[in-house]
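Please open the structure in a viewer and keep the sequence beside it. The tour below proceeds by selection, one stop at a time.

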Amino acid sequence: MLMQVGGEGMRPTFFEMAAAQHLPASLRAALLYSLGVMAQRRPIIHKVLDYSDEAFSALMLLLEAHSLRISDASFAEALYGLRRRSAVPTSESPAVSNNRSNTEPGRLGAISRHQINLSVLFLVGLPYLRSKMEAVYNAQRGGALQAAFWGTGDADSVEMESVGDASGNRDQRSGSDATVLQRIRSRFLKLCVQIYPWVHASHEGLSFAYQLLYLLDATQFYSPALHFLGIQVTRASGQELMDASRQIAERRKREFERLRGSPILKTIQRGLLRTAYGFLDYAQSGLIAAVFIFKMVEWWYQSAEQRLISPTVYPPPPPPPPPKVAKDGIPLPEDRTSCPLCLEKRTNPAMVAVSGYVFCYPCIYNYVNQYRRCPITLISASEDKIRRLYYDA
């Protein structure tokens, strides 16, 4: 099972299913990041970011509905060459089953239109509701924790009192001025805050259980949603891909033939249809390629700017200035190898760390022990500032 990566059998591997499941979330994060970067130069894009959940859900609704209609697979599943099959064989006619093969692998039937509609709901509607509930919960929970931190009560009690937006809070302070609609909204937000942790925990736990069973080859359903819909995901064969392309071309040809009106109107309608078909056909690879190219261009320009404004090799810092000989200090001998204290050639050299000058070790030790300073610079020093040297400096 685990060694079937891209290989044999009609049953997808756990890794293929996991990649298809996480692709929409990764695509959403990449699109939001790209829009955030572009919004720095075009502030009008901030309006799209304010409604990012709605905009992305609308885009995925269009792509998922189109992909399920022409290929019996979600947007991500079609990209990985997967197809959805009904766990219960159906007796649909070829006209209803669109591009479905008459001989389904593993005796699986073609998915019905009812299953397609429910698939769109599970792929787009439920993730949108879950993201909105998570946003409401995080906002209310954050406000409750902040209020509890400032000593207005414990987090749980403040959480129940702080549900609702700023207008709801103002209405609560004004007492009887709150409208019925605002009270309903406040109660609804309170309900979301209460039930979201249980809903989230149940969903994650159930999904993990199904994924573990699928990994162990104990079930044919990768997620509880697929089990509820009665749908299994299989790999698409080469013949199925060829039949799908041929049937899509035939369907579009019939739609072009059904156009009515004047020649100019037909030309406009044909151009609009071709534009829509082209956008939908290349949306899968086009979105991912656009995000990849954007990230590559951004990396390229950032690297160029960093090379210009911040060199990778920094010059070494300049050496500190040499210590000055104090006016009342001992003068330096002309011979650099002589000790400034005994004026003899240095033996067993030692350095005072606070100034850097070298003396005979017995001479400098006795002097520092008595006067607690460097004899040349008169800088304060102690015995632990004396460093023995193992070569004549």
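The stops that follow cover cores, salt bridges, a contact, surface patches and two loop residues.

**Before starting**

This is a predicted model, in which local features need pLDDT of at least 70 and side-chain atom pairs count only at pLDDT 80 or more, while totals for chains, interfaces and linings use all residues. Residues are numbered from 1 along each chain as its sequence is written, and side-chain values use heavy atoms, with hydrogens and water left out.

**Stop 1: the nonpolar cores**

Select F14, M17, Y214, Y222, L226, I231 and V233, which have the most contacts inside the largest nonpolar core, a group of 16 residues. A nonpolar core is here a set of buried Ala, Val, Leu, Ile, Met, Phe, Trp, Tyr and Cys residues joined through side-chain atoms within 4.5 Å. Buried means under 20% relative accessible area, exposed means over 50%, and partly exposed lies in between (1.4 Å probe, protein chains only).

Next, colour the elements that give two or more residues to this core: helix 1 (14–39), helix 6 (113–149), helix 9 (180–215), helix 10 (224–229) and strand 2 (231–235). Helices (H or I, at least four residues) and strands (E, at least two) are DSSP runs, numbered from the N terminus. Which element gives the largest share of this core? Helix 1 does, with 3 residues.

Then move to a second, separate core of 12 residues; A350, Y357, V368 and I376 are among them. In soluble globular proteins, nonpolar side chains tend to be buried together.

**Stop 2: salt bridges between distant parts of the chain**

A salt bridge is a side-chain nitrogen of Lys or Arg within 4 Å of a carboxyl oxygen of Asp or Glu. By this rule, the model has 8 salt bridges.

Select D217 and R11, whose side chains form a salt bridge with an N to O distance of 3.5 Å. D217 lies in the loop between helix 9 and helix 10, and R11 in the segment before helix 1, so this pair ties together parts that are 206 residues apart in sequence. D217 is partly exposed, at 44% relative accessible area, whereas R11 is buried, at 15%.

Now select E16 and R235, a salt bridge in which the closest N and O atoms are 2.9 Å apart. E16 belongs to helix 1 and R235 to strand 2, and the pair links these distant parts of the chain, 219 residues apart. Are these two residues buried or exposed? E16 is buried, with a relative accessibility of 14%, and R235 is buried, with 9%.

Staying with helix 1, select R28 together with D53; their side chains meet in a salt bridge (2.3 Å, N to O). R28 is in helix 1 and D53 in helix 3 (residues 52–71), 25 residues apart. R28 counts as partly exposed at 26% relative accessible area, while D53 counts as buried at 14%. Add E54 and K132 to the selection: salt bridges that share partners join R28, D53, E54 and K132 into one network.

**Stop 3: a contact from helix 3**

Select L68, which is in helix 3. L68 is buried, with a relative accessible area of 0%. Then add I116: L68 and I116 are 48 residues apart in sequence, yet their C-alpha atoms are 6.5 Å apart in space.

**Stop 4: surface patches**

Patches are made of residues with over 30% relative accessible area and no salt bridge, like charges being joined within 9 Å and nonpolar side chains (Val, Leu, Ile, Met, Phe, Trp, Tyr) within 5 Å.

Switch to a surface view and select L121, L126 and L129, a nonpolar patch with about 250 Å² of accessible area together. Accessible areas come from the Shrake-Rupley method with a 1.4 Å probe; for residues, only the protein chains shown count as cover. L129 lies in helix 6 and is partly exposed, at 48% relative accessibility.

Next select R254, R258, R260 and K266, which gather in a surface patch of positive charge. Lys and Arg count as positive and Asp and Glu as negative, with His and the chain ends not counted; the place of a charge is taken as NZ of Lys, CZ of Arg, CG of Asp or CD of Glu. R254 is in helix 11 (residues 238–257) and is partly exposed, at 43% relative accessibility.

**Stop 5: two loop residues**

Finally, select L343, located in the loop between helix 12 (263–309) and strand 3 (349–352). Its phi is near 60°, a positive value in a residue other than glycine, and L343 is exposed, with 58% relative accessible area. N348 also lies in the loop between helix 12 and strand 3. The phi of N348 is near 50°, again positive in a residue other than glycine, and N348 is partly exposed, at 35% relative accessible area.
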